Amino acid sequence: MSPVIGVSYLPHPPIIVPEVGKEKAEDASQTIEGVRRVVRCTAEKKPETIVVLTPHAQQNCVFSIASNQQWHADLSRFGCPEAKLFLKNNTDLVDKITSRIGLSRLEMDLDHGAFVPLYYMSKEMEDLKIVLIGVGPYPLDTITSIASSLGNLLNQYNENMVLLASGDLSHRLKSDGPYGLHPSGAIFDEMVVNAFKSNRLDRLKKINGMTREEAAECGLNPFIVANEITKNHIENIQLFSYEAPFGVGYLTAFANCKTVSKHPYVKLAAESIKQYVENRKMLDSTKYLSFLMDEKALKKERERRAGTFVSIYKNNILRGCIGTIMPSYENLPLEISQNAIAAATEDPRFLPIEVEELEDITIKVDVLGEMESVQKMSDLDPKIYGVMVVSSHKKGVLLPDLEGVEKVEQQLDIAKKKAGISKEETMKIYRFKVTRFN
C-alpha cells in the first residue's frame, strides 16, 4: 500500500478563522465550506501523520524541516491569542528525512500557512501528529528533484499519511487588494483552477515565472511538491471551491491517492537484498513467499522456471541491474532472490549497495518470456520486445520499454555495445517479452 493516501490543498488566510475574521469571514463562506469539506475527506482517510508543505516557514535554505518536539501555537500576531493549537511532531519521520535528503533541520514556528488549515483539521481529528516542511521560492528543477526524493522516502514509510499543500493563489485580483490589481493575477488563477478541474496537475509546472511573479502567488510550489511526491498515484481530484473575496485567490481541493500494493516478486527481491546487505544471509525464498501467497499459487511458483532481471533504482536513477536470460535456478522464486542479491552487490558499474541506502531504493522485477528468432526489423518494437544480440561467444541483452529508448536501431546499438559487437560482425537477433512487476 502507498502510505501517502491523499493530498489536501488548502488556503491559509487568517481571516477565515472565526476568532480572527468574525463577521468579515462570511465574505469567504465558499472557501470556509470548501475547507470543511477537505477536512472531512482528510479525516475519513484516518491518517497517522499530516505532512504540511507551507510556503511561509522556509528559512532561506533549500527546503527546511521543523525539528520541534511539539507546538503550542496561537494567532497572537493577528490579534487573536485565543485561537490556539497544540500539535506533536513526528520526530521519527523527521529523523529519516533529514538523514537521507538535503533538508535543513531547524526549530520553526507554526506559521499561518500551517496554522490556519490545521486549525480546521484539529476540529475533526484529535492528537494531530505532523511534519512541517517549508517550501520556498526555489527553481523548478530544485523543487522537483527534492520532491521526487521525498516521495520515494514517504511512500516507503510505515504509516499512512496525508499531504497538506498550503497556499494562496494570486494576491493581485482587485485594485483594493493587498498588492493591487494586475492582469496576470486572473490569468494565473485560471491556469491553476483549470489544472485542478482537468486532473492535470502536471500543468502547474508549465506556468512561466513571469506570470507567477506578476500574480504575486504563494501556493504553486507547495502544490507542485505535493504532485511530485504523489506522481502516478493520484486517482482523482475533487475541486470544492475557488473564490477571491478580498483580492486573493483561495482554492480548496482534495486528491485521493491509489493504494498501491507491491507484487510478491518485488517484496521477495527487496527482502532478499535487505537480508543479504544487512546480515550476509540468503533468504529462504519459498518460505518467505508462503506468507504472501496462498498454497495453490505458491505451488505453481515452485514449479515455474524463467529468466529474470532485477533492476534497482535510487532517486529514480539506476543503482544496479543483473539478470538471467535463461533460468539458472530450480524455480522462479529462487531465480528472483539470487538475481536481486547480484543486482545489489555484483553489478560492475556500481559499488555494492550499503545498509544506509536500503530505505531509498525502489525495485523492478522482469520475468522473461521465450526467445524468438527475428528475421526482419519490422518484427521488433522497443516498447513491446526486449532484444538479445549474439555473435559467436558475445551476447548482449536489453529489456523493453526503457526510458529514452524509442527506436529499434537505438535499442540494437545499445545491446551491441553491451556485448562488444562491432558494426562489421554478423549477429543473430532474438526478441522476447517481459512481465514487469514494480
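Biologist: Which helix gives the largest share of the lining of the second largest pocket?
Modeller: This is a predicted model: local features need pLDDT of at least 70, side-chain atom pairs count only at pLDDT 80 or more, and totals for chains, interfaces and linings use all residues. Residues are numbered from 1 along each chain as its sequence is written, and side-chain values use heavy atoms, with hydrogens and water left out. Helices (H or I, at least four residues) and strands (E, at least two) are DSSP runs, numbered from the N terminus. With three residues, the largest share of this lining comes from helix 8 (residues 220–229).

Biologist: What volume does the second largest pocket have?
Modeller: On a 1 Å grid over the protein atoms alone, a pocket is an open set of points where a 1.4 Å probe fits, with protein on both sides within 12 Å along at least five of seven lines. Grid points are joined across faces, edges and corners, and the volume is the space filled by probe spheres set on the points. For the second largest pocket it is about 270 Å³.

Biologist: Which of its 15 lining residues are the closest to the pocket centre?
Modeller: Lining residues have an atom within 4 Å of a point. Of the 15 that line the second largest pocket, the closest to its centre are Gly136, Pro137, Arg212, Glu217 and Asn221.

Biologist: How many residues of that lining are charged?
Modeller: Asp, Glu, Lys and Arg count as charged; Ala, Val, Leu, Ile, Met, Phe, Trp, Tyr, Cys and Pro as nonpolar; the others, Gly among them, as polar. The lining of the second largest pocket has nine nonpolar and four polar residues, and its charged residues number two.

Biologist: How many of the 438 residues of the protein, in percent, count as buried?
Modeller: The protein holds 13 helices and 18 strands. Buried means under 20% relative accessible area, exposed over 50%, partly exposed in between (1.4 Å probe, protein chains only). The buried share of the 438 residues is 54%.

Biologist: Is Ile146 buried or exposed?
Modeller: Ile146 lies in helix 5 (residues 140–154). Its relative accessibility is 12%, so Ile146 counts as buried.

Biologist: Why is strand 7 largely enclosed by the rest of the structure?
Modeller: Strand 7 covers residues 129–134. It is largely enclosed because the buried residues among its six number five.

Biologist: Which residue of strand 7 stands opposite Val52?
Modeller: Two strands pair if DSSP finds at least two bridges between them. Strand 2 (residues 49–54) runs parallel to strand 7, joined by five bridges. Opposite Val52 stands Leu132.

Biologist: Which residue of strand 7 stands opposite Ser64?
Modeller: Strand 3 (residues 64–66) is joined to strand 7 by two bridges, and the two run antiparallel. Opposite Ser64 stands Gly134.

Biologist: Which residue of strand 7 stands opposite Lys88?
Modeller: Strand 5 (residues 80–89) is parallel to strand 7, again with two bridges. Opposite Lys88 stands Lys129.

Biologist: Which strands stand at the edges of the open sheet 12-11-13-18?
Modeller: This sheet has four strands with antiparallel pairing. Each edge strand has a single partner, so one side of it is left without a neighbour in the sheet. These are strand 12 (317–323) and strand 18 (434–437).

Biologist: What is the bridge partner of Tyr313 in strand 12?
Modeller: Strand 11 (residues 308–314) pairs with strand 12 over six bridges, in the antiparallel sense. The partner of Tyr313 is Leu318.

Biologist: At what angle to strand 11 does helix 12 run?
Modeller: Axes are lines fitted to C-alpha atoms, for helices over the stretch in contact, and angles run from 0 to 180 degrees between N-to-C directions. Contact means heavy atoms within 4.5 Å. Helix 12 (residues 332–345) lies across strand 11, strand 12 and strand 13 (361–368). Its angle to strand 11 is about 40°.

Biologist: Which strands stand at the edges of the open sheet 14-17-15-16?
Modeller: The pairing in this sheet of four strands is antiparallel. A single partner strand leaves one side of each edge strand without a neighbour. The edges are strand 14 (372–373) and strand 16 (394–398).

Biologist: Which residue of strand 17 stands opposite Val390?
Modeller: Strand 15 (residues 386–391) and strand 17 (residues 428–432) run antiparallel, joined by five bridges. Opposite Val390 stands Lys428.

Biologist: What is the phi of Asp401?
Modeller: Asp401 lies in the loop between strand 16 and helix 13. The residue is partly exposed, with a relative accessible area of 40%. Although Asp401 is not a glycine, its phi is positive, at about 55°.
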